[in-house]
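Q: Please take a close look at one part of this model, namely the surroundings of a single residue, and follow the connections outward from there. A formal account with explicit cut-offs would be preferred.

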Amino acid sequence: MTDSLPVAPLPEDAAELAAEARSDLEWYRDAVFYQVVLPSFADGNKDGIGDFVGLTNKLDYLSWLGIDAVWVPPFYPSPLGDGGYDVADYLDVAPQYGTLGDFDRFVEEAHRQGIKVVIDLVMNHTSSAHPWFEASRTDPDGPYGDYYVWRDTDQDYPDVRVIFVDTEESNWAWDEVRGQYYWHRFFSHQPDLNFENPAVREEMLSVVRFWCARGIDGLRLDAIPYLYEAEGTNGENLPATHHFIAEVRRVLDQEFPGIVLVAEANQPPGQVVEYFGTPDAPECHMCFHFPLMPQIFKAVKSEETSGLLSAWQHTPVPPAGGLWGLFLRNHDELTLEMVSDEERWQMYKWYAPEPRMRANVGIRRRLSPLLDADRPTLELVHALLLSLPGAPFLYYGDEIGMGDTIELYDRDGVRTPMQWDDTEGAGFSEAPIERFYLPLVSREGYSSQEVNVATQEGDPDSWLNWVRALLAARKAVRTLQDGLFDIIQTDDPAVFAYWRRGTWRALGDNAPVLCVFNFSTEPKVVSLEMAEVEPAASARWVAGNAVVEHARGRWQAQLPPRGFGWVEFG
């Protein structure tokens, strides 16, 4: 393990605050998460770049909205060749975002408002500007010489796919200084760390301890399937990778109980489920469910739900304590790696007819433009997201229907400044707009004059207030947060229905909740196979516009176009 750079001291009461914030070790099971892109969320020092002071100032908004946890992607010093996922120093805050003291105050205020804090840990690779890499390339025999994967040839690991097919032709890159090739699974300026080296593993555990000691509540483990390589394999999900993640979990359980690990593993569910670990060697508490997300968008356009149904039928049940992380959009492209070639090209035709709307194997557009800002469809997919079994992750700005700027580089088009009000700087910053981290959305129908928080806060019928109300409805019904899940058969392929019933905690009101969704643009009246429900059972409307009743000897639902219903049975 190497010496660390000097860092700011922890607040005197950091340990108390952290312990209090993590008093419920399984807090994540009924939480709603909200992802911010820090440089685009709120500027606290008027330089045109979002920062921790700005984010801290907006925590009251997140609390008002009904958010339980905020996820902050990388904020470390970085050349920003990949939105901060090219880390140059794991133990500090990039100067444009503030200081470690600003970070500590953010965590303290978040906890005061009952909001947990999840940050990204980018373990697979660093930036080529990281001091470790500079030392590795200039001094091969020195202490950092084996921190990365170096070879004399670029022929090793031929069975490993290239992920960033738009920009990279190989997973190997030549370094003129060292005179060898180095391995990278993403951009060539992001060399992969060599986890075969015990010193590298110790470095990562030190990074984990550093941030956990500052009071965070969770770590999103970025790109973890790729930590190790081995000849004759595809270099993904290797046993050694699982062994190391289990070691991270062991450290957390022993030293920082209650801190959650979230796996970002864009893999089939049968492989992703392995990142939950085993009873003897637990790994992550949560895993993102990537295959489900494109099937939601497919169901919207095809107006039939067979792909959605199949995605759930092929989803393993997480082990005790495990939970799927669910999302509609995030800071990356809408990935289409988990669909067939035919489905992928159909999705491109529907959602990305212009080549510039695509990135890698996916689509770089925001939620509202993807769905043509159609309110019933937006309501439908959010009601689905918030009632499926798992923890929902919302992306900043989607709660007001923010647009995108597809002309921007790579995925920056979905990372533009948050639109807080209709002033020139959208309430994001008081700096001149030409100094903004990214330009404001100017597309007609999506500008900050037309779409912003301030206007929607004051309108009881706004999209923002609808989302807030739905979050409150979910929070009021325990079964929707952590109930078991059972598909209900219907007589129409456009209608998707299921039960949420019982709860893993067996606490409070365990009345079953029927969730039914019409993906058609036509009204539907469908029969529901609910033989276990007595005809005289009372039904309480929770949310939506469906009518569910027992008529002519059967249960049926009447649904308007793109309609849904959450109905609790007593």
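A: The account below starts from one residue and proceeds to the sheets and helices.

The model is predicted; local features require pLDDT of at least 70 and side-chain atom pairs pLDDT 80 or more, while totals for chains, interfaces and linings use all residues. Residues are numbered from 1 along each chain as its sequence is written, and side-chain values use heavy atoms, with hydrogens and water left out.

The chosen residue is Gln35, which lies in strand β1 (residues 33–35). Strands (E, at least two residues) and helices (H or I, at least four) are DSSP runs numbered from the N terminus. Gln35 has a relative accessible area of 2% and is therefore buried; the term means under 20%, with exposed over 50% and partly exposed in between (1.4 Å probe, protein chains only). Beyond its neighbours within four places in sequence, Gln35 is in contact (heavy atoms within 4.5 Å) with Trp71, Pro73, Asn330, His331, Leu394, Tyr395 and Tyr396.

Gln35 also falls within an annotated range: UniProt, in an unreviewed entry, places "domain: Glycosyl hydrolase family 13 catalytic" at residues 35–474. Such positions are given in the numbering used here, feature names are shortened, and annotations may be inferred rather than shown by experiment. Over residues 35–474 the chain is 30% helix and 11% strand, and the C-alpha atoms at the ends are 19 Å apart.

Strand β1 belongs to a closed barrel of 8 strands, β1-β2-β3-β7-β8-β9-β10-β13, with parallel pairing. Neighbouring strands of this sheet are turned by 25° against each other on average, direction ignored; angles run from 0 to 180 degrees between N-to-C directions, and axes are lines fitted to C-alpha atoms, for helices over the stretch in contact. Two strands pair if DSSP finds at least two bridges between them. β1 and β2 are joined in parallel over 3 bridges, and Tyr34 has Val70 in β2 as its bridge partner.

Strand β2 (residues 69–72) directs Ala69 and Trp71 one way and Val70 and Val72 the other, all of them buried. In a regular strand the side chains alternate between the two faces of the sheet. On to β3 (residues 116–122), β2 pairs in the parallel sense over 4 bridges, with Ala69 opposite Lys116 in β3. Elsewhere in the barrel, β10 (residues 323–327) and β13 (residues 391–395) run parallel and are joined by 3 bridges, and Leu326 stands opposite Pro392 in β13.

A helix pair may be described next. Helices α6 (residues 198–212) and α7 (residues 239–255) pack at about 35°, their axes 11 Å apart. Arg201, Met204, Leu205, Val208, Arg209 and Cys212 of α6 meet Phe244, Glu247, Val248, Val251, Leu252 and Glu255 of α7. By class, this contact has 8 nonpolar, no polar and 4 charged residues, where Ala, Val, Leu, Ile, Met, Phe, Trp, Tyr, Cys and Pro count as nonpolar, Asp, Glu, Lys and Arg as charged, and the others, Gly among them, as polar.

A further sheet has an open form. In the order β14-β15-β16-β21-β18, its 5 strands pair in the antiparallel sense. Its edge strands, each pairing on one side only, are β14 (484–488) and β18 (539–544). β14 and β15 (residues 495–501) are joined over 5 bridges, and Ile487 has Tyr498 in β15 as its bridge partner.
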